[in-house]
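Visitor: Could you take me through the cysteines here, and then show me the chain they sit in? I would enjoy a close look with plenty of detail.

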Amino acid sequence: MSNLPADSALVRACRGLDVPRTPVWFMRQAGRSLPEYRKIRQGAGMLESCRRPDLVTEITLQPVRRHDVDAAILFSDIVVPLAAAGVDLDIVAGTGPVVAEPIRTADDVAGLPVLEPEAVDFVAESVRLLLPELGATPLIGFAGAPFTLASYLIEGGPSRTYLKTKAMMYGDPQLWHALCDRLAGITVTFLQVQIEAGVSAVQLFDSWAGALSEADYRQYVLPHSSRVLGGLAEAGVPRIHFGVGTGLLLEAMGEAGADVVGVDWRTPLDRAAQIVGPDHSVQGNLDPAVLFAPWEVVEREARRVLEQGKAARGHVFNLGHGVMPETDPDVLTRLVELIHSV
Ligand code: CP3
């Protein structure tokens, strides 16, 4: 193995190659659990912070320095490419993305702008600044998948029921597919910019796809996520595909073209490995809430996840969803040490 990010434990585990130790990183590792993050974000809005390469670089590096994780994930958000394309939206602290004029009609969909690569120059610039700082540590780029992006655009903000999203999906499938087609285009462009700038892997977040049955997922979502992931097949970087509550969708999500299927804490990894088969690695899946239990419990659960992950062709240790803001960062550091020592 060489000392290049393309030959790192993360990339090798994603491809199902042998690794010296199980690589570990955490979704939302950069964020409010870190005092240094809360400090640097003072007075800077979320979207504004994502547009400033100096801030993106520093915030992306913070968890790498502190926890010694095996990968950095670019500090950004799934709605950043939508905002860059010209959609009027904001990320409201404690709420999430809020869209000024939700997309509900054929005219709204027709008016959705395309993403020109130059509009996300700040992302490419951030990646270029990060690569020399990271050295052998791989940088993960990411984007939101069409369904999850559509849910924010149609609902206008976070939702528990996805009622308006499903109303369009079931009520006007043609309009739904037209919207997802445009979103897939934005997502491909956004990921290609990151890949050309030098990220070593990409993750497609379809965080809320678990709201759908497998049949509906296959009919309304899979074609669009396949277009995104399939479109990157020749890009030379592993593709991770993640969602929450997707126990019954894991097989279909693997079929979308990912190298790695991300698994939340509800499905044991040995079972997930059986479902996705020998052509996919798995990522996950410690319950983020376990980090609030005594250390003995964290250790026992982390060892269980490692053990069950052995059933897959490759395993990237992670949480089953993002780090919660109230998490004690010292527990995360200790968890990385534990994973590295096993
Ligand atoms: O460390 C990392 O994982 C990289 C950074 C990252 C952020 N958002 C930063 C962020 C990533 C990968 C995302 C992706 C994202 N954004 C997803 C998919 C991942 C997931 O959690 O399922 C989704 C659904 C979003 C939309 C979104 N943005 C939500 C639901 C929120 C949280 C709202 C809140 O305040 O609790 C955001 C805001 C956001 N994105 C924050 C961060 C660090 C918090 C903003 C802040 O610090 O004020």
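**The cysteines and their surroundings**

Guide: Happily! Residues 24 or more positions apart account for 72% of those contacts in the protein chain that have a separation of 6 or more. Please keep in mind that this is a predicted model.

Now to the cysteines. A disulfide is a covalent bond between the sulfur atoms of two cysteines. With sulfur atoms required to lie within 2.5 Å, the count here comes to zero disulfides. Cys 50 has 2% relative accessibility, so it counts as buried, the cut-off being under 20%. Cys 180 is buried too, because its relative accessible area is 1%.

Buried positions make up 58% of the 342 residues in the protein chain. As for what surrounds the two cysteines, the protein chain has 15 helices and nine strands. Its radius of gyration is 19 Å, close to the 20 Å that the globule rule gives for 342 residues, so the protein chain is as compact as a globular protein of that length. Along the principal axes, its C-alpha trace spans about 55 × 45 × 40 Å.

Let us finish on the outside. The protein chain has an accessible surface of about 13700 Å², and carbon and sulfur atoms hold 50% of that area. Among its side chains, 29 are positive and 42 are negative. The centres of these two sets lie 4 Å apart.

Notes
Residues numbered from 1 in each chain as written. Predicted model: local features only at pLDDT ≥ 70, side-chain atom pairs only at ≥ 80, totals over all residues. Heavy atoms only, no water. Helix = DSSP H or I, 4+ residues; strand = E, 2+ residues; numbered from the N terminus. Rg over C-alpha atoms; globule rule 2.2 N^0.38 Å. Buried < 20%, exposed > 50% of the residue type's maximum accessible area, 1.4 Å probe, protein only. Contact = heavy atoms within 4.5 Å. Areas by Shrake-Rupley, 256 points an atom, 1.4 Å probe, with all protein chains shown as cover. Lys, Arg positive; Asp, Glu negative; His and termini not counted. Charge placed at Lys NZ, Arg CZ, Asp CG, Glu CD.
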